[in-house]
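Me: Could you take a close look at one part of this protein for me, and then connect that part to the rest of the chain? I'd enjoy a walk-through that I can follow with the structure open.

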Amino acid sequence: MRNERTATAQRFTTLLFTALRFTTLLFTGVFAGFLVAVLVLELSLRRFDGPVYTQVRQVELLRLDDLASATLLPALAATAALAATAVKARGRAFWLTSAAFALLLTVLVTTLVFNLPVNSDQLDWDVQAPPADWASVRDRWQTAHAVRTAAALAAFGLLSAAALSGTRIGPRRSS
C-alpha cells in the first residue's frame with residue numbers, strides 16, 4: 001500500500017512539474033513573441049514624423065501594457081517556481097532555468113525603470129504637436145525595448161534548452 005501511494009505521489013509530482021514547465025514555456029514564448037512584434041512595429045515607425053509616431057504609440061498604449069503584464073508576470077512566477085524545484089539537484093536544467101529567471105527579472109526592471117515612465121509621458125503628448133525632443137524619447141524607449149526583447153528571447157531559449165536537456169527537475173524517484 002505504501003509503495004502504491006508513493007508511486008501515485010511521484011506521478012502527481014511529475015505531472016505538476018510537466019505542467020509548470022509547459023506554463024513557463026507558454027508564457028515566456030508568448031511574451032517574447034509579443035515583444036518582437038512591438039519591436040518590428042517600432043522600427044517601422046522610425047520613418048514617420050512625430051505626429052504619426054505619437055498617434056500610433058497612444059494606440060499601442062491602450063491595451064499592449066495589459067498584454068505585457070498578463071504574459072510577463074505568469075512567466076516570472078512559473079520560472080521562479082520551476083527553478084525552485086531544481087535547487088537541490090543543481091543540474092543543467094537548474095542553471096538554465098535560473099539564468100532565464102534572471103533575464104526575465106532584467107526585463108521587468110528595464111520595463112519599470114525605462115519603458116513605463118516613457119509610456120506614461122507619451123499618453124499626455126499632443127498628437128498634433130509632440131514635444132520637441134520626441135525623437136530622443138523614442139530612441140531611448142526603443143533602445144530599452146530592444147534590450148528587454150533580447151533578454152526575453154534569450155530567456156525563452158534557455159527555458160527551451162532546459163526542457164530539452166533531459167535533466168529531471170523534480171524530486172528524484174526512489175528505487
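**A close look at T54**

Reply: Happy to. Leaving aside residues up to four places away in sequence, T54 touches W125, D126, V127 and P130. This is a predicted model, and every value below is computed from it.

T54 itself is found in helix 2, which spans residues 50–60. Is T54 buried or exposed? It is buried, because its relative accessible area is 1%, and the cut-off for burial is under 20%.

Just before that helix, the picture changes. F48 sits in the loop between helix 1 and helix 2. At 40% relative accessibility, F48 counts as partly exposed, since that class lies between the 20% and 50% limits. If you want a distance to check on screen, try F48 and P74: they are 26 residues apart along the chain, and their C-alpha atoms are separated by 35 Å.

Now for the setting. The protein has 5 helices and 0 strands, so from the N terminus on its elements read α-α-α-α-α. The radius of gyration is 21 Å, well over the 16 Å that the globule rule gives for 175 residues, so the protein is more spread out than a compact globule. The box filled by the C-alpha atoms says something similar in its own terms: it is roughly 75 × 25 × 25 Å, taken along the principal axes.

How do the contacts run along the sequence? Among contacts between residues at least 6 apart in sequence, 84% join residues at least 24 apart. The contacts of T54 with W125, D126, V127 and P130 can be viewed alongside that figure.

Next, the nonpolar core. The largest one has 23 residues, and F31, F34, L72, L104, V107 and A152 touch the most other members. The elements giving two or more residues to this core are helix 1 (2–45), helix 3 (64–85), helix 4 (92–122) and helix 5 (134–164). Helix 5 gives the most, with 7 residues. As a general background, nonpolar side chains in soluble globular proteins tend to be buried together.

L72 is a good residue to centre your view on. With residues up to four places away in sequence not counted, L72 touches F31, L104, V107 and L108. The next residue along, L73, is found in helix 3. At 48% relative accessibility, L73 counts as partly exposed. L73 also offers another distance to check: the C-alpha atoms of L73 and A7, 66 residues apart along the chain, are separated by 33 Å.

Further along, R90 is found in the loop between helix 3 and helix 4. R90 is partly exposed, with a relative accessible area of 45%. Its C-alpha atom and that of H145 are separated by 32 Å, the two residues being 55 apart along the chain.

Finally, the surface and the charges. Buried residues make up 36% of the 175 residues, T54 being one of the buried ones. The protein exposes about 9,700 Å², and carbon and sulfur atoms supply 66% of that area. There are 17 positive and 11 negative side chains, and the centres of the two sets lie 25 Å apart.

To come back to your part: T54 is a buried residue of helix 2, in contact with W125, D126, V127 and P130.

Methods. Residues are numbered from 1 along each chain as its sequence is written. This is a predicted model: local features need pLDDT of at least 70, side-chain atom pairs count only at pLDDT 80 or more; totals for chains, interfaces and linings use all residues. Side-chain values use heavy atoms; hydrogens and water are left out. A nonpolar core is a set of buried Ala, Val, Leu, Ile, Met, Phe, Trp, Tyr and Cys residues joined through side-chain atoms within 4.5 Å. Buried means under 20% relative accessible area, exposed over 50%, partly exposed in between (1.4 Å probe, protein chains only). Helices (H or I, at least four residues) and strands (E, at least two) are DSSP runs, numbered from the N terminus. Contact means heavy atoms within 4.5 Å. The radius of gyration is taken over C-alpha atoms; the globule rule is 2.2 Å times the number of residues to the power 0.38. Accessible areas come from the Shrake-Rupley method with a 1.4 Å probe; for residues, only the protein chains shown count as cover. Lys and Arg count as positive and Asp and Glu as negative; His and the chain ends are not counted. The place of a charge is taken as NZ of Lys, CZ of Arg, CG of Asp or CD of Glu.
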